[in-house]
Amino acid sequence: MRNELFKAIDELKDSLINDVCDLVKIESIQGESTVDFPYGKNVNDALSHALKICEREGLLTKNIDNQMGYGQYGESKEYIGIFGHLDVVEVGDGWKYPPFSATISENKIWGRGALDNKGPIIAALYGLLALKKLNICPKRAIRIVFGTNEETGMNDIKYYLEKENPPIMGFTPDNKFPAIYGERGRAVIEVENEISLMVDFINEYFMNAKPNGDRLGINVFDNDFKEMIIRNKKIDYKNNKMSIKFSLSTPVCDINEIIEKISLKSNGGNVKLISWSPWVLHNKDATLIKILNDAYNEIFDTNLEPTTTTGGTYAHICTNIIPYGPSFPGQNGIAHQPNEFIDIDDLILCAKVYAYALYKLSLIDEIEKPLILK
């Protein structure tokens, strides 16, 4: 069946490329919120267009109050959910092609959102369409769910889960291969003090320091996520005081203990936890993770183990799904950067991986090992 699915994707590839380009041309940066368009009209235009593609392909479609929408194949109370997003970050400078031109050059589609996340979610849609083309009837319905607020809060999926039952399992094509069984925690911390004391604090604990926080005594380590990572340091001056704000990409830890340790080193400074999103860590032997990981290994004749990520995706909110693709091992992240692109060969390959993965998920009778949170 794998070869038949791959052949179906090859037959659909021109349509796949055209649909990705049409979506990339929509400037779906979050805009002014209105009663009708919670994240702005441009983002809603992208959602409407994606649902029209689903309607064109004969899928059952639903728009959940312009927050999220989906195309569904099959009918059942339980469903497999594939969640991607159509909203994009700001453009910035330094583009070789206009960022919403969807220019095809060097066998790549160039444009904001080509990789993050319009190309991959449409690749997942075409993976589903390959099943439909071959008249494969899944034991559970499969939904391709399109989000509109992933980049600026993920309020869309929170709203979706208030209105719709959660998927029994699924994935988000918004990270990397192979299967991802955990996402790190994220914290933003600010330390403020008198200027002279802050200069001493920064020089002692941040200048030429390792990024694992060892000088601060917060170099937590675990076998799943490995070391603590300090990122995005920013120094500021205001009201005759100095501050440093930084983010933590955390393994499993006690965030209150982390704050306490920083406070002890801060020379009496004011230490604030600006934001905190705990880690998500799943059972790496779960049925979902095994099937998705095995599908990848079978296609590429590899023996890769499931892994974790520093990224944050819809899987942080909807804990019945995991990240799965689109980036292949060794590829550098170019999302949110100028000259974002998706390689057309990779786009087609992703669609094939998703087609085979969805086929394998569609055959499951029972989930023998659930995606239990540790």
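Helices (H or I, at least four residues) and strands (E, at least two) are DSSP runs, numbered from the N terminus. The model shown in these views is predicted, so local features need pLDDT of at least 70 and side-chain atom pairs count only at pLDDT 80 or more, while totals for chains, interfaces and linings use all residues. Residues are numbered from 1 along each chain as its sequence is written, and side-chain values use heavy atoms, with hydrogens and water left out.

**View 1. Asn240, in the loop between β13 and β14.** Welcome to the first close-up: phi of Asn240 is near 60°, a positive value in a residue other than glycine. Asn240 is exposed because its relative accessible area is 69% (buried means under 20%, exposed over 50%, partly exposed in between, with a 1.4 Å probe and protein chains only).

**View 2. Asn107, in the loop between β4 (103-105) and β5 (108-110).** Here, too, is a residue other than glycine with a positive phi, near 60°. Asn107 counts as partly exposed because its relative accessibility is 34%.

**View 3. The largest pocket, with about 1200 Å³ of space.** On a 1 Å grid over the protein atoms alone, a pocket is an open set of points with protein on both sides within 12 Å along at least five of seven lines, whereas a cavity is a set of points where a 1.4 Å probe fits but cannot get out; lining residues have an atom within 4 Å of a point. Grid points are joined across faces, edges and corners, and a volume is the space filled by probe spheres set on the points. Of the 43 residues lining the largest pocket, Asn175, Arg186, Thr310, Gly311 and Gly312 are the closest to its centre. Elements that give two or more residues to this lining include α3 (114-133), β10 (185-194) and β15 (270-277), but β14 gives the most, with five. Sorted by class, the lining has 14 nonpolar, 20 polar and nine charged residues (Ala, Val, Leu, Ile, Met, Phe, Trp, Tyr, Cys and Pro count as nonpolar, Asp, Glu, Lys and Arg as charged, and the others, Gly among them, as polar).

**View 4. The largest cavity, with a volume of about 40 Å³.** Look for Ile180, Tyr181, Gly182, Glu183, Val280, His282, Ala315, Ile321, Ile322 and Pro323, which line the largest cavity. Two elements, β9 (180-183) and β18 (321-323), give two or more residues to the lining, and β9 gives the most, with four. The lining residues divide into seven nonpolar, two polar and one charged.

**View 5. Two cis peptide bonds, Phe177 to Pro178 and Gly325 to Pro326.** Omega is about 0° for the bond that joins Phe177 and Pro178, and Pro178 sits in the loop between β8 and β9. For the bond that joins Gly325 and Pro326, omega is about 10°; Pro326 is part of strand β19.

**View 6. Asp65, in the loop between β1 (60-64) and β2 (68-73).** Asp65 counts as partly exposed, at 47% relative accessibility. Leaving aside residues up to four places away in sequence, Asp65 touches Pro38, Tyr159 and Lys163 (contact means heavy atoms within 4.5 Å). Asp156 is 91 residues from Asp65 in sequence, yet their C-alpha atoms are 9.8 Å apart in space.
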